[in-house]
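Please walk through the fold shown below, taking the cysteines to begin with, then the packing of helices and cores, and finally some individual positions.

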Amino acid sequence: MRIALMVIRLILKVPYYFFLIWRCGVSDKISYEEAFETIKKVTKKANHAGRVTIEAFGLENIPKEDGFIFFPNHQGLFDVLVFLDSCPRPFSFVAKKEAGNLILLKQVIKALGAYPMDRDNIRQSMKVINAVAEDVKSGKNFLIFPEGTRSKLGNKMLEFKGGSFKSATKAKCPIVPCALIDSFKPFDERNIHPVKVKIIYMEPLYYEEYKGMKTVEIAEEVKTRIEKTIEKYSCES
């Protein structure tokens, strides 16, 4: 219902916005940074039209130098829009294979150089992990959902998969835990009432802090930090 609201309220501009995003994915003259800014502007327009307010906290915790990975909890399709709306720094992301077939998201994936991952194909998954690590080493930022799929449990989380952190360990980059609160509401609840979504960018874990840990241990540490942050900010609502 909210997606329909977004489209209806922006009906005259939807073709133009779609063209802008499509152009970002096919033109060699548009840089990755320019593509990100274009998609960010469209996202803000869509969220406003959908009566969704994003409250971002901890932006000062984002590393000053590029080449890091965001690791948030995963609540639904709206999660990426929260980051696109709130994050001041360009980033790409890893999405499940099926997302690469969705209209508009397919064009965003191409524009930002994102990677669709087939978690049932170990070889393809390893290629994505290695590709992300190399991109991060070269100074690109990424967003990875360590649960692998949305929790469907509201603000409660599923277990974090250790393999999700292999790109970070290979790149030896900062890991930035992020807590999403009520990000499931815009697209999962069947109403169009105004809704507020919170995102908290937490203090990063640098390589020196996690280099002696196994990926499953990193996953558990990040999950615990996010759980505590969700509890804290939910109480403050």
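In this predicted model, the sulfur of Cys 87 lies 8.2 Å from the closest cysteine sulfur, which belongs to Cys 178, and because a disulfide requires a pair of sulfur atoms within 2.5 Å, that separation is too far for a bond. Seen from the other end, Cys 178 is likewise in no disulfide, the nearest cysteine sulfur being that of Cys 87, 8.2 Å away. By this rule the count of disulfides comes to zero. As for their surroundings, Cys 87 counts as buried, with a relative accessibility of 0%, and Cys 178 is buried too, its relative accessible area being 0%.

The next topic is helix packing. Two packed helices are described by the angle between their axes and by the distance between those axes. Helix 3, which covers residues 32-49, and helix 5, which covers residues 105-112, pack with their axes 9 Å apart and at an angle of about 150°. Because angles over 145 degrees count as roughly antiparallel, helix 3 is roughly antiparallel to helix 5. Which residues make this meeting of helix 3 and helix 5? On the side of helix 3 they are Tyr 32, Ala 35, Phe 36 and Ile 39, and on the side of helix 5 they are Val 108, Ala 111 and Leu 112. Sorted by class, the contact of helix 3 with helix 5 consists of seven nonpolar residues, with no polar and no charged ones.

Helix 5 can be followed further, since its buried residues are Gln 107, Val 108, Ile 109, Ala 111 and Leu 112. An α-helix has 3.6 residues a turn, so residues three or four places apart point the same way. The elements that cover the buried residues of helix 5 include helix 2 (14-26), helix 3, helix 4 (79-86), strand 3 (92-96) and strand 4 (115-117). Just after helix 5, Gly 113 takes a positive phi of about 65°.

From here the text turns to the nonpolar cores. The largest nonpolar core has 42 residues, and those with the most contacts inside it are Phe 70, Phe 83, Phe 91, Phe 93, Leu 143 and Tyr 201. At least two residues of this core are supplied by each of helix 2, helix 3, strand 1 (52-57), helix 4, strand 3, helix 5, strand 6 (175-181) and strand 7 (195-201). Helix 3 provides the largest share of this core, with six residues. Taking Leu 143 as an example, and leaving aside its neighbours within four places in sequence, one finds it in contact with Phe 70, Pro 72, Val 80, Phe 83, Phe 91, Ser 92, Phe 93 and Val 94.

A second, separate core has 30 residues, among them Ala 133, Ala 168, Ile 181 and Met 202. Of these, Ala 133 is placed in helix 6, residues 122-137, and counts as buried at 3% relative accessibility. Apart from its neighbours within four places in sequence, Ala 133 is in contact with Ser 167, Lys 170 and Ala 171. Ala 133 and Asp 66 are separated by 67 residues in sequence and by 13 Å in space, C-alpha to C-alpha. Met 202 appears again among the contacts of Thr 229, which, neighbours within four places in sequence aside, also touches Ala 179 and Ile 200. Thr 229 lies in helix 10, residues 215-235, and is buried, with a relative accessible area of 12%.

Helix 10 also holds Val 216, but Val 216 counts as exposed, at 54% relative accessibility. Although Val 216 and Gly 163 are 53 residues apart in sequence, their C-alpha atoms are 7.6 Å apart in space.

Two loop residues remain to be considered for their backbone angles. Lys 152 has a phi near 60°, a positive value in a residue other than glycine, and it lies in the loop between strand 5 (142-143) and helix 7 (166-171). Asp 182, in the loop between strand 6 and helix 8 (185-188), has a phi near 70°, again positive in a residue other than glycine. Are these loop positions buried or exposed? Lys 152 counts as exposed at 64% relative accessibility, whereas Asp 182 is buried, with a relative accessible area of 16%.

How values were computed: Residues are numbered from 1 along each chain as its sequence is written. This is a predicted model: local features need pLDDT of at least 70, side-chain atom pairs count only at pLDDT 80 or more; totals for chains, interfaces and linings use all residues. Side-chain values use heavy atoms; hydrogens and water are left out. Buried means under 20% relative accessible area, exposed over 50%, partly exposed in between (1.4 Å probe, protein chains only). Helices (H or I, at least four residues) and strands (E, at least two) are DSSP runs, numbered from the N terminus. Contact means heavy atoms within 4.5 Å. Axes are lines fitted to C-alpha atoms, for helices over the stretch in contact, and angles run from 0 to 180 degrees between N-to-C directions. Angles under 35 degrees count as roughly parallel, over 145 as roughly antiparallel, 65 to 115 as roughly perpendicular and the rest as oblique. Ala, Val, Leu, Ile, Met, Phe, Trp, Tyr, Cys and Pro count as nonpolar, Asp, Glu, Lys and Arg as charged, and the others, Gly among them, as polar. A nonpolar core is a set of buried Ala, Val, Leu, Ile, Met, Phe, Trp, Tyr and Cys residues joined through side-chain atoms within 4.5 Å.
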